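Subject: Structure for you to look at

Hello,

Here is the structure I promised to pass on. Have a look at it first, and then read on for what I found.

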Amino acid sequence: MTVLEAVGRRIEAMPWWDRASCSGVDPDVFFPQRGVSTRPAKELCKCCEVRSQCLEYALQTGERFGIWGGLSERERRNVRKARALASAAYSSQRVSA
Ligand code: SF4
């Protein structure tokens, strides 16, 4: 069982989950208690071949907890904000063109 399967039981399994580097890893590594380092999880994610799919999944589903695709909750929130700003800027450019 991968971390994603452990926390994603409420949704349909993704086809890329079987290639996850976190397969067999204790899910607590990816959902550390406050004050516990996220570094071990992020190190595993660095060499994961489905990292981008994992991150997109977390961004699309609004996953609020844990390390997904090598990013923390706060880092994912920043990515979502940056994308929203870029999208808004693109839209306003199209309107004014
Ligand atoms: S990027 Fe990290 S959390 Fe996502 S599947 Fe790979 S090892 Fe697991």
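Helix α4 has hardly any cover: among its 24 residues, the count of buried ones is 1. This helix takes in residues 73-96, and its length makes sense, because 24 residues at 1.5 Å each should span 34 Å and the C-alpha atoms at its two ends lie 35 Å apart, in agreement. Please keep in mind that this is a predicted model.

On confidence, the protein chain has a mean pLDDT of 88, with 88% of its residues at 70 or more. Helix α2 (residues 39-46) has the highest mean among the elements, at 97, while helix α1 (residues 3-7) has the lowest, at 65. I would read anything said about α1 with that value of 65 in mind.

The overall make-up is quickly told. The secondary structure amounts to 4 helices and 0 strands, so to speak an α-α-α-α order from the N terminus on. Of the 97 residues in the chain, 20% count as buried. As for contacts between residues at least 6 apart in sequence, 37% of them link residues at least 24 apart.

Where is the largest nonpolar core, and which residues have the most contacts inside it? It has 13 residues, and the best connected of them are Phe30, Ala41, Cys54, Leu55, Ile67 and Trp68. Helices α2 and α3 each supply at least two residues of this core, and α3 gives the most, with 3. As a general background, nonpolar side chains in soluble globular proteins tend to be buried together.

Next, the ligand. There are 16 residues around it, and those that come nearest are Ala20, Cys22, Cys45, Cys48 and Cys54. Cys54 thus turns up both here and among the core residues with the most contacts. By class, the shell holds 12 nonpolar, 3 polar and 1 charged residues. Helices α1, α2 and α3 (51-61) each contribute at least two residues to this shell.

One last residue to look at is Arg51, which lies in helix α3. Is Arg51 buried or exposed? It falls in between: Arg51 is partly exposed, because 19 other C-beta atoms lie within 10 Å, and a buried residue would need 20 or more. Leaving aside residues up to four places away in sequence, Arg51 touches Cys45, Gly69 and Gly70. With Gly69, 18 residues away along the chain, the C-alpha separation is 4.6 Å.

Happy to go through any of this with you.

Best wishes

Note on methods: Residues numbered from 1 in each chain as written. Predicted model: local features only at pLDDT ≥ 70, side-chain atom pairs only at ≥ 80, totals over all residues. pLDDT = per-residue confidence, 0-100. Near = placed C-beta within 6 Å. Nonpolar A, V, L, I, M, F, W, Y, C, P; charged D, E, K, R; others polar. Buried ≥ 20, exposed ≤ 12 C-beta atoms within 10 Å, placed from the backbone. Contact = placed C-beta atoms within 7 Å. Expected span 1.5 Å × (residues − 1). Core = buried A, V, L, I, M, F, W, Y, C linked by C-beta atoms within 7 Å.
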